[in-house]
Amino acid sequence: MKMIFDQDYHIHTRLSSCSRDPEQTAARLLEYAAENGLSSLCVTDHFWDEKVPGASGWYAPQNYPHITEELPLPEKEGIRFYFGCETDMDKHGTIGIAPETVEKMDFIIVPTTHLHMKGFTFEQEIVDAPDEIERRTELYIVRFDTLLNADLPFHKVGIAHLTCELMASDPPKSHLKVLNGVSDGVFRELFDRSAKKGLGIELNFDPFRYEGDELETMLRPYRIASECGCRFYFGSDAHHPADLLKAKSRAEKIFDLLGLTEEQKFHIGGN
């Protein structure tokens, strides 16, 4: 059976500093789930644990007391509403969540592609280097590898937006060069390990923005992940109510392009 759109495991509320939209509440997210026939969703606001040193100035206010302001989450029969977070990895490979906080979360997503935070997730010298794309490619691989080596309960971990343009955005679509710089063999090794760990691979990009070779570049990592036996979940990464309107069409287009089935779906709490 082909994969169906019945979950969204990457959504922000007004509490994320890049949202701050008073209309983007947990109650509105539950409405979105009901309107689209979702059986499960997870709120994943940006988060850096106050118990972990090294937060950037942007992350520091987004601590545990802050992201729990929407709790308790509203309820609706037939819909599982999970509480999670989108934490981060700094330039030293430190992941911004303490073990005791992990226990409080239903789900944790970690972006390895947040390479837009100069001085926090990567060194400024990379931007100034003549081989910037090659160095970003190397860092992309290192960060993916670092996450897989982390001491985490991977059954409740997802890798956020692996093809996100934030890994290299100047000039636009430079992230495609980074992705093309990673060989099939390297991707296969990383995704083989991901499958063994049992973590989720997030499907989170706009398939309508790309065509031809660019679209194939975006799809290649996920095709290899599928061949390696990884499981996938959809994340809208919505920050505003208007973003929620695009989720269903994007998800279904990605599922079709990759030929994914229900058996390949990642579920919070186990497969």
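The following dialogue explains how to read several features of this predicted model.

User: I should like to begin with helix 8. How many residues does helix 8 have, and what span should they cover?

Analyst: The general idea is to multiply a rise per residue along the helix and compare the result with the distance between the ends. Helix 8 comprises 16 residues, 212–227, and at 1.5 Å a residue these should span 22 Å. The end C-alpha atoms of helix 8 are 22 Å apart, which agrees with that expectation.

User: Where in helix 8 does a kink lie?

Analyst: A kink is read from the angle between the helix axes on either side of a residue. In helix 8 the kink is about 40° and lies at Leu 219, shortly before the proline Pro 221.

User: Which residues of helix 8 are buried?

Analyst: A residue is called buried when its relative accessible area is under 20%. In helix 8 the buried residues are Leu 215, Thr 217, Met 218, Leu 219, Arg 220, Pro 221, Tyr 222, Ile 224 and Ala 225. Both Leu 219, where the kink lies, and Pro 221 appear in that list.

User: Against which elements do the buried residues of helix 8 pack?

Analyst: They pack against three helices and two strands: helix 6 (175–180), helix 7 (184–197) and helix 10 (247–258), together with strand 6 (200–203) and strand 7 (231–234).

User: Which residue just after helix 8 takes a positive phi?

Analyst: That residue is Gly 229, with a phi of about 90°. Positive values also occur in residues other than glycine: phi of Lys 173 is near 70°, and Asp 237 has a phi of about 60°. Lys 173 is found in the loop between strand 5 and helix 6, and Asp 237 lies in the loop between strand 7 and helix 9 (241–244). Lys 173 is partly exposed, its relative accessible area being 28%.

User: Which residues does a cis peptide bond join, with omega about 0°?

Analyst: One cis peptide bond joins Leu 71 and Pro 72, with omega about 0°. Pro 72 lies in the loop between helix 2 (64–67) and strand 3 (80–86). Another joins Asp 170 and Pro 171, again with omega about 0°. Pro 171 is placed in the loop between strand 5 (157–160) and helix 6.

User: Let us turn to charged side chains. How many salt bridges does a search of the whole structure find?

Analyst: The search finds 20 salt bridges. One of them is formed by the side chains of Arg 188 and Glu 227, at 3.0 Å from N to O. Arg 188 lies in helix 7 and Glu 227 in helix 8, so this pair ties together parts that are 39 residues apart in sequence.

User: Are Arg 188 and Glu 227 buried or exposed?

Analyst: Arg 188 counts as partly exposed at 32% relative accessibility, whereas Glu 227, at 55%, counts as exposed.

User: Which parts does the salt bridge of Arg 250 and Asp 206 tie together?

Analyst: The side chains of Arg 250 and Asp 206 meet at 3.2 Å, N to O. Arg 250 lies in helix 10 and Asp 206 in the loop between strand 6 and helix 8, so the pair ties together parts 44 residues apart in sequence. Arg 250 is partly exposed at 23%, while Asp 206 is buried at 16%.

User: Which residues are linked in a network of salt bridges?

Analyst: The network links Asp 6, Glu 262 and Lys 265.

Technical notes
Residues are numbered from 1 along each chain as its sequence is written. This is a predicted model: local features need pLDDT of at least 70, side-chain atom pairs count only at pLDDT 80 or more; totals for chains, interfaces and linings use all residues. Side-chain values use heavy atoms; hydrogens and water are left out. Helices (H or I, at least four residues) and strands (E, at least two) are DSSP runs, numbered from the N terminus. The expected span of a helix is 1.5 Å times one less than its number of residues. The bend at a residue is the angle between axes fitted to the seven residues ending there and the seven starting there. Buried means under 20% relative accessible area, exposed over 50%, partly exposed in between (1.4 Å probe, protein chains only). Contact means heavy atoms within 4.5 Å. A salt bridge is a side-chain nitrogen of Lys or Arg within 4 Å of a carboxyl oxygen of Asp or Glu.
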